[in-house]
Amino acid sequence: MAAAATNVQLIGGWPSPFAMRPRIALNLKNVDYKYIEESFAPKSELLLKSNPVHKKIPVMIHNDQPICESLVIVQYIDEVFTSGPLLLPSDPYDRAIARFWATYIDTKWFSSLSGIAKAKTDAEKATATEGLTEGLALLEEAFGKISKGKGFFGGATIGYLDIALGSCLGWIRVAETVSGSNYIDETTTPGLYAWAERFSSDDAVKDLIPETDKLLGFAKKRFGTPAPAK
């Protein structure tokens, strides 16, 4: 049964990994919510009213109060809704480490991931690929330490850092399709490879990750992403 929630709405967009994050968190917490797909053409009055600073998705509206920025929303959900597992670790140090790596993903690593879809030249693609693979190597090492032998960064269940990275899996698959390379595989990133399988098949996640072909079609239209490598 879903936890009782008063007027929870989420403004998002299906291609956005950032908009996926609060949806996963709400699912994990068993919270009912109304999902609103943003049109962007033009941006809706509700979005502009709810996020006048950045004018971006996602935005969660709870009891008529808007909360913006994906990781801020996930933390809010963890604090407000006590049903389901804790998303952030209870230990202060572990919590700080989870936040550190989530910040790394958003402020450094994600630009390399999206850079592969946006690359116009071989040099741009090579730079993006280098950043992506170096980052995944760091995250592979971090997974070994943070998971402490369990299935997720969050331990036995999906947590905050799992959501931060796992929301990007659809775009990683697009990058792999475009380049003809596997960036997460059993040889170079065995921990992340098994983790990605577990994460993607979880009931809170599996219906939210876009199909690769659909996401690739969006990338071609939005960024002019080249055809998949053969």
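# Reading a two-domain model: pockets, rings and unusual bonds

User: From which domains does the lining of the largest pocket draw at least three residues each?

Analyst: From domain 1 (8-80) and domain 2 (92-223). Keep in mind that this is a predicted model.

User: How far apart do the C-alpha centres of domain 1 and domain 2 lie?

Analyst: Those centres are 21 Å apart. The contact takes 15 residues from domain 1 and 22 residues from domain 2.

User: Back to the largest pocket. How much space lies in it, and which lining residues are closest to its centre?

Analyst: The largest pocket holds about 950 Å³ of space. It is lined by 30 residues, and those closest to the centre are Ser16, Phe18, Lys56, Ile57 and Arg222.

User: Which helices supply that lining?

Analyst: Look at α1, α3, α4 and α9 (212-223), each of which supplies at least two residues. The largest share comes from α4, with 5 residues.

User: How many lining residues of the largest pocket fall in each class?

Analyst: There are 14 nonpolar, 7 polar and 9 charged residues.

User: What volume does the second largest pocket have?

Analyst: Its volume is about 360 Å³. Of its 23 lining residues, Pro89, Asp94, Ile146, Phe153 and Gly154 are the closest to the centre. Helices α4, α5 (122-146) and α6 each supply at least two residues here. Again α4 appears: it gives the most to the lining of the second largest pocket, with 4 residues. By class, this lining has 11 nonpolar, 6 polar and 6 charged residues.

User: How many cavities of 30 Å³ or more does the structure hold?

Analyst: It holds 1. About 30 Å³ of space lies in the largest cavity. The residues lining this cavity are Pro15, Ser16, Pro17, Met20, Ser167, Gly170, Trp171, Pro210 and Leu215. Two elements, α1 and α7 (169-179), give two or more residues to this lining.

User: What classes make up the lining of the largest cavity, and which domains does it draw on?

Analyst: The lining has 6 nonpolar and 3 polar residues, and no charged ones. Domain 1 (8-80) and domain 2 (92-223) each give at least three residues.

User: Let us turn to a helix. What should a reader know about the way residues point along an α-helix?

Analyst: An α-helix has 3.6 residues a turn, so residues three or four places apart point the same way. Now the case here. Helix α3 covers residues 70-80, and its buried residues are Ser70, Leu71, Ile73, Val74, Gln75, Ile77 and Asp78.

User: Which elements do the buried residues of α3 pack against?

Analyst: They pack against α1 (17-28), β3 (59-62), β4 (65-68), α4 (92-118) and α6 (160-166).

User: What describes a pair of aromatic rings?

Analyst: Such a pair is described by the distance of the centres and the angle of the planes. This structure holds 9 aromatic pairs. Take Phe100 and Trp101: their ring centres are 5.2 Å apart and their planes stand at 85°, so this pair is edge-to-face.

User: Why does Trp101 count as buried?

Analyst: Because its relative accessibility is 14%, and buried means under 20%.

User: Which residues do ring pairs link into a cluster?

Analyst: Trp14, Trp171, Phe218 and Phe223 form it. Trp171 is also among the residues that line the largest cavity.

User: Where are the cis peptide bonds?

Analyst: One joins Ala41 and Pro42, with omega about -5°. Pro42 sits in the loop between β2 (34-37) and α2 (45-50). Another cis peptide bond joins Ile57 and Pro58, with omega about 0°. Pro58 is placed in the loop between α2 and β3. Ile57 has come up before, among the residues closest to the centre of the largest pocket.

User: Which residues other than glycine have a positive phi?

Analyst: Asp64 is one of them, with phi near 70°. It lies in the loop between β3 and β4. Glu69 also has a positive phi, of about 80°. Its place is the loop between β4 and α3.

User: Are Asp64 and Glu69 exposed or partly exposed?

Analyst: Asp64 has 63% relative accessibility, so it counts as exposed. Glu69 has 39%, so it counts as partly exposed. The cut-off for exposed is over 50%.

Definitions and conventions: Residues numbered from 1 in each chain as written. Predicted model: local features only at pLDDT ≥ 70, side-chain atom pairs only at ≥ 80, totals over all residues. Heavy atoms only, no water. Buried < 20%, exposed > 50% of the residue type's maximum accessible area, 1.4 Å probe, protein only. Contact = heavy atoms within 4.5 Å. 1 Å grid on protein atoms, 1.4 Å probe; cavity = no way out; pocket = protein on both sides within 12 Å on 5 of 7 lines; lining within 4 Å. Points joined across faces, edges and corners; volume = space filled by probe spheres on them. Nonpolar A, V, L, I, M, F, W, Y, C, P; charged D, E, K, R; others polar. Domains from an automatic or database assignment. Phe/Tyr/Trp six-rings, centres within 6.5 Å; stacked < 30°, edge-to-face > 60°.
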